[in-house]
Amino acid sequence: MLKNLLILIAKSSMAIQSTVILLAGLLTSTASFAFVHPGIINTTSSLRAVKAKVAAGEQPWKSAFERLQHDPTGSLTYQPQADWSVIDCGPRDGTPPNPACAVERKDARAAYSQALLWMMTGNQTYAKNAVNIMNAWANTLKQGHTNSNRALQAAWTGAMWPKAAEIIRATYSGWSNSDIDKFKTMLSTQYIASINSQDTRCYFGNWLATISEAKMNIAIFSDNQSMYNEALQRWRQELPAYIYLSQDGDMPKTVADCPKLHTTAQRENYWSGQKQGTFFNGQIQETCRDLEHSAYGLAAFIDMAEIARIQGTDLYKEGRQRLIAAMEFNAPLDSAHPVIPDGLCSNKISRLGGFTGTLFIGYNHYARQEKLSLPNTTRWMKSTDLSSPGRFHYAWETLTHGGL
C-alpha cells in the first residue's frame, strides 16, 4: 500500500519525486538487520590479516605493532584508575583541572590497546586486562559527566570503549554475560545520557562528528538499531556542513537545526572568520581554527564510513567527493612550510598536532581499495609518522588499516 502510494505521488511532479526518493532512502536506512560483530572499525578477518602481516615482519604493521607494545596503554601489567564516580571536564579538563578526564581517556584507549594486543599475540593476559579495565569503570562510574566539555568527553571515550568491547566479547570467553550487560548499561546511562544532556547543535563540527561516532559505536555494541539509524542520519546531515565543496555556492552548507547560523556573519564566524566568497574546495569548517581540531572531526566521519561499510551501508560512496576533497586540500597544509592558497585563513595556518595519527583509514579505502588518485595525501603519508598512536577517539590506525 505505501509503495503504491509513493509511486502515484511521484508522478505528480519532479519536486515531489525527489522527496519520495529521499523518503524511500530513509525507509531503507531504517530497515531491520543483524549487526556484524565484531564490527566497529575491525572485524575478526581484518584483525587476523593484520596478525599475519605482523608475524611476517611486514611494514608498516611491524613498526606500528612495536609502537603499540611499548606504549604505556599496552603494558602487560596495566592497571585501570577507575577512582571517580563522576567525570568533571571543563574546557581544559575541568576547572580547576581534573585528572579524571585524562585518566578516563587513557583507560578507554588502554582497553582498546589491550584488545588489539590480545588479537595480535594470543596472550590471554591482554584480554584479561581489557576486561579488568572495562569492568572497573562499569562498577565505578555512576554520575556520568559534568561541566562544559561533558558531551565531548563522553563522546571521545564513548566512541573508544565499544571498539575494545566488541573485540573482547566476540573473541574471549572470560568476560561474563553479567559484566557485559553492566558495561552496556554504563554506556547508555553514563555516556549517551551525558552526550544528550548538552545542546551541541551549534558547536564546532568535531564535536558533532565525534558525538555521532560515539552513538554509532555504542549502538552496534548494544544492538540498538534506532540509535544506529540516528547516527547514520547525523552523518548525512553533518558531513556537508563540515566540508565545503565549490558546488555548494558562495557559502558553506549549515547544520540544519542550528538556530545561530542563518546570517552570513554567523556562518563566517562559525568557519573561524573565513570571508564570503573565499571558501576553498575541501576546506574543513575548522581548517582556519587549526589542523588538529580539523583532524578530530575528519577522523570521526571517516571512522563512521568504515564502520558503516562493515555493517552494510556505503557511506564511503555517499561522502566520496567531500572526504577526498578534504584529505587532498588539508594534507598539504600539514607541513612545516605549507603553501597556503591566497585568501585562506588570512594566509596563516595553525597546525598544533596536525593530522598525525589519522587519514590512514580513508586513504586505505579510497587509494588502495577503490584505486583512486590522492596525490597530496600520498605525499603526506610518506612524510608522517606512520606508527603514531592517534588521539582521543581514534587510535592505532596504521596497525589496523595500514594497507589491507
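Start with helices α6 and α7, whose crossing is left-handed. You're looking at a predicted model, so treat this tour as a walk through a prediction.

**Stop one: the helix pair**

Select residues 124–140 for α6 and residues 150–171 for α7. Two packed helices are described by the angle between their axes and the distance between the axes. Here the axes come within 11 Å and cross at roughly 130 degrees. That angle is neither over 145 nor in the 65 to 115 range, and α6 and α7 are therefore oblique to each other.

Which residues make the contact? On the α6 side, show A127, A130, V131, I133, M134 and W137. On the α7 side, add W161, A164, A165 and I168. Now colour them by class: the contact of α6 with α7 has 10 nonpolar residues, with no polar and no charged ones.

**Stop two: a pair of cis bonds**

Head back along the chain to P38, in the loop between α2 (14–29) and α3 (44–55). Zoom in on the peptide bond that runs from H37 to P38: it's cis, with omega near -10 degrees.

Next, pick P60, which sits in the loop between α3 and α4 (61–70). The bond joining Q59 and P60 is a cis peptide bond too, and its omega is about 10 degrees.

**Stop three: an arginine in a helix**

Jump to helix α10, residues 225–242, and click on R234. Is R234 buried or exposed? Its relative accessibility is 16%, and since the cut-off for buried is under 20%, R234 counts as buried. To see what R234 touches, show L208, I211, S212 and K215; this list leaves out residues up to four places away in sequence.

**Stop four: positive phi angles**

Move on to L352, in the loop between α14 (320–330) and α15 (360–369). L352 isn't a glycine, yet its phi is positive, at about 50 degrees. Turn on the surface here: L352 has 59% relative accessibility, so it counts as exposed.

Finish at F392, in the loop between β3 (390–391) and β4 (394–395). What is phi at F392? It's near 45 degrees, a positive value in a residue other than glycine. With a relative accessible area of 23%, F392 is partly exposed.

**Before you close the viewer**

Go back to α6 and α7 once more and rotate the view until you can follow both axes where they cross at roughly 130 degrees. With W137 of α6 and W161 of α7 shown, you have two of the contact residues to steer by.

Note on methods
Residues numbered from 1 in each chain as written. Predicted model: local features only at pLDDT ≥ 70, side-chain atom pairs only at ≥ 80, totals over all residues. Heavy atoms only, no water. Axes fitted to C-alpha atoms, helices over the stretch in contact; angles between N-to-C directions. Helix = DSSP H or I, 4+ residues; strand = E, 2+ residues; numbered from the N terminus. Parallel < 35°, antiparallel > 145°, perpendicular 65-115°, else oblique. Left-handed = near helix turned anticlockwise from the far one by under 90°. Contact = heavy atoms within 4.5 Å. Nonpolar A, V, L, I, M, F, W, Y, C, P; charged D, E, K, R; others polar. Buried < 20%, exposed > 50% of the residue type's maximum accessible area, 1.4 Å probe, protein only.
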